[in-house]
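Open the model in your viewer and keep the sequence panel visible. The stops below are meant to be selected in order.

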Amino acid sequence: MRTALPLIAVAVLLAGCGREVRMPGPEVDGAPDDQLDPALIETPQPRPEPPSAYGNHSPYEVFGQTYHVRSTAEGYAERGIASWYGTKFHGRPTSSGEPYDMYRMTAAHRSLPLPTWAEVTRLDTGKTIIVRINDRGPFHPDRIIDLSWAAAVKLDMVDKGTAPVKVRAITFDEDQGVTPRPARVPVFVQVGAFSDQDRARGMAERLENAGLGPIHTETARNAGGPIWRVRVGPIDQVERARSLIERVTELGFGPAQYVYP
């Protein structure tokens, strides 16, 4: 049973996204009563996956702090502290919408796209595991990743509660030129988000002049004030959505992303 730095939490809404994230609260988290032999925990096999329909909204705000989701996991590596979470969240929706299963090798991260596969190495023992990141957190500033209970067992850090780790994102051959498929349709393609309304209007005009549409400009608010998001859609065909992503890139608008209504 975990004793150090117990994970205690309640769920709050991730601003602008409508998905639950885990935050400090009154209820105590912990390990299940049953034992889990680390040797029997199956190592997952990383594979390319489309972006999740939920949990990739950026920026998002939790308790007054604004977080940005990276457009890609390519090149990500960071050292810091890992923690873990267990029984309290077992079966509950993660930020990606998938149910949390504490017996699987998963993790939560504040900024990597969902899902992302990652290699986690415990710096004081050299043990390494592979996890699939499908949740948001931890929202403690001194931690960089929250592991599932099974992942913590595999890394032999359940009793200690936290451990120093290096997290390295596992990415796949980008030279394949394969544009990701949307997780579902209908979907919008978000081309940009601006704090300046005139810049948003300018981008909308450029898209319209390029023959792309329908253009949809959405106003939202984050910690820094209002923002204007410029999107194309809704699009109800997977291949059309992929073609649109490619067309936006060809026109030099920068990386676009799928956004789900």
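The tour goes from confidence to a pocket and then to salt bridges.

This is a predicted model, in which local features need pLDDT of at least 70 and side-chain atom pairs count only at pLDDT 80 or more, while totals for chains, interfaces and linings use all residues. Residues are numbered from 1 along each chain as its sequence is written, and side-chain values use heavy atoms, without hydrogens and water.

Colour by pLDDT (the predictor's confidence in each residue, from 0 to 100). The protein chain averages 82, and 85% of the residues score at least 70. Select residues 1-20, where the pLDDT is below 50. Where pLDDT is low, the predicted coordinates should not be read in detail.

Next, select P44, R104, M105, T106 and R132. Of the 15 residues that line the second largest pocket, these are the closest to its centre.

Keep R132 selected and add E49. The two form a salt bridge, with the closest N and O atoms 2.9 Å apart; the term requires a side-chain nitrogen of Lys or Arg within 4 Å of a carboxyl oxygen of Asp or Glu. R132 counts as buried, at 13% relative accessibility, and E49 as partly exposed, at 25% (buried is under 20% relative accessible area, exposed over 50%, partly exposed in between, with a 1.4 Å probe and protein chains only).

Add E98, whose side chain also meets that of R132 in a salt bridge (2.9 Å, N to O). Then add R47: R47, E49, E98 and R132 are linked in a network of salt bridges.

Technical notes: Contact = heavy atoms within 4.5 Å. 1 Å grid on protein atoms, 1.4 Å probe; cavity = no way out; pocket = protein on both sides within 12 Å on 5 of 7 lines; lining within 4 Å.
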